[in-house]
Amino acid sequence: MMYKLILVLLLMWVSFAQAEDYAAVSVHMTPIKVGKHSYYVQGMAGAASSENQGYMSNAGFVVTPAGVVVFDTLGTPSLAAELVRQIHKITPLPIKYVIISHYHADHYYGLQVFKALGAESWAHKNGQGAIDTDAAAERLAQRRVTLFPWVDEQTKLLPADKWLDGDTDFKLGGVHFKLRYVGPAHSAEDMAMLVQEDGVLYTGDVVFRGRIPFVGDADSKLWLGSLNKLIVLKPRVMIPGHGTASLKSSRDLKFTREYLEYLRKTMGQAVADLVPFDEAYAKTDWKKYASMPAFVQANRANAYNTYLLMEKESLNQ
């Protein structure tokens, strides 16, 4: 009993000491329990900003008798340090593994915090080299401005310790985990994680709820196919990359699906009619989405990249 108490106090001290290494966050982060072992924290709606301190995506964690598995690390080291503090309020057990759903800033910028604790990070092999691109350097420079002091010169972009070749199953503390490669979709390296005993599925950004998805240079046709890969897992609870948990996964995949289909339909028709993008965008009825968080920041870029994709698809026919 005394050993356990000492261990709890030691881990709490490590958590609080580590948190002091990073700029404090004032956002409210509360773990939500969605299964016997499974939790998640829910970021705010909208794009990353100084107002939300970069807390605009979800992360999950699973507490087993042998340690903790974390799914995604949030968008700043400061947020990750706060997530560690919240985890250690629930359990003194060590964080053993970190699963990175994909290499977009809001999902892996906190990795250095978990690495310092000795956790081993896993990601799909298609994410190799993502941190070494010009786009990654530009995003980091931008975040050091918009999210300072939570992202600063001490923020590091880290590769995974282990690159997965595809679907991977493992067990920790008697809990079974099913990692599923569901890309290329939102990114080339999308991974989802099913906690078998809990029926909880962490989807990463293959699923968005309550805000406009970030499409970027994703292949929306393949993304639509990936949604079907999630349905066959038949989760009891689905945790999207952004937004609230879902108890009806088939129904709640509808928003992401319909948004992608609408982009493809409208931009595809514009390409077929040889309508320039600016004109096509201005003429498209966006009222269903215009009032949603992240519309201003993401929608035009989503439409433009889809326009280019539809041009490419038309040439390949």
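Visitor: Let's start with the two helices α8 and α10. What is the handedness of the crossing where α8 passes α10?

Guide: In this predicted model, α8 passes α10 in a right-handed crossing. The two helices pack at about 60°, and their axes are 8 Å apart.

Visitor: How should I read that angle: are α8 and α10 parallel, perpendicular or oblique?

Guide: Angles over 35 degrees but under 65 fall in the oblique class. α8 and α10 are therefore oblique to each other.

Visitor: Which residues make the contact between them?

Guide: On the α8 side, look for Tyr259, Leu263, Arg264, Met267, Gly268, Ala270 and Val271. From α10, the partners include Asn299, Asn302, Ala303, Thr306 and Tyr307, with Met310 and Ser314 also among them.

Visitor: How far does α10 reach from its first C-alpha to its last?

Guide: Helix α10 covers residues 295–316, which is 22 residues, and reaches 30 Å. That is close to the 32 Å expected at 1.5 Å a residue.

Visitor: And which residues of α10 are buried?

Guide: Among them are Phe295, Ala298, Asn299, Leu309 and Glu313. The cover over the buried residues of α10 includes α6, α8 and α9.

Visitor: What about the loop just before it? What is unusual about phi at Ala294?

Guide: Ala294 sits in the loop between α9 and α10. Its phi is near 75°, a positive value in a residue other than glycine. With a relative accessible area of 5%, Ala294 is buried. Gln53 is another case: phi is about 60° there, and Gln53 is not a glycine either. You'll find Gln53 in the loop between β2 and β3, and at 6% relative accessibility it counts as buried.

Visitor: Now the sheet. In what order do the 5 strands of the open sheet come?

Guide: The order is β8-β9-β10-β11-β12, and the pairing is mixed. The edge strands are β8 and β12, each of which pairs on one side only. Neighbouring strands are turned by 25° against each other on average, direction ignored.

Visitor: How do I follow the pairing from β8 onwards?

Guide: Go strand by strand. β8 and β9 run antiparallel, joined by 5 bridges, and Leu172 stands opposite Val175 in β9. Another 5 bridges join β9 to β10, again antiparallel, with Leu179 opposite Met193 in β10. Between β10 and β11, also antiparallel, there are 3 bridges; Leu194 has Leu201 as its bridge partner in β11.

Visitor: Which way do the side chains of β10 point?

Guide: The general idea first: in a regular strand, side chains alternate between the two faces of the sheet. In β10, Met191, Met193 and Val195 point one way, while Ala192 and Leu194 point the other way. All of these are buried, so to speak of the strand as a whole, 5 of its 5 residues are buried.

Visitor: Which helix lies across β9, β10 and β11?

Guide: That's α6, residues 220–231, running at about 170° to β11.

Visitor: What should I notice in the hairpin of β10 and β11?

Guide: There are 4 residues between the strands, and Gly199 takes a positive phi near 65°.

Visitor: One last feature: where are the cis peptide bonds, starting with the one before Pro149?

Guide: A cis bond joins Phe148 and Pro149, with omega about 10°. Pro149 is in the loop between α5 and β7. The bond from Gly183 to Pro184 is cis too, its omega near -10°, and Pro184 lies in the loop between β9 and β10.

Notes. Residues numbered from 1 in each chain as written. Predicted model: local features only at pLDDT ≥ 70, side-chain atom pairs only at ≥ 80, totals over all residues. Heavy atoms only, no water. Pairing = 2+ DSSP bridges. Axes fitted to C-alpha atoms, helices over the stretch in contact; angles between N-to-C directions. Contact = heavy atoms within 4.5 Å. Buried < 20%, exposed > 50% of the residue type's maximum accessible area, 1.4 Å probe, protein only. Expected span 1.5 Å × (residues − 1). Parallel < 35°, antiparallel > 145°, perpendicular 65-115°, else oblique. Left-handed = near helix turned anticlockwise from the far one by under 90°.
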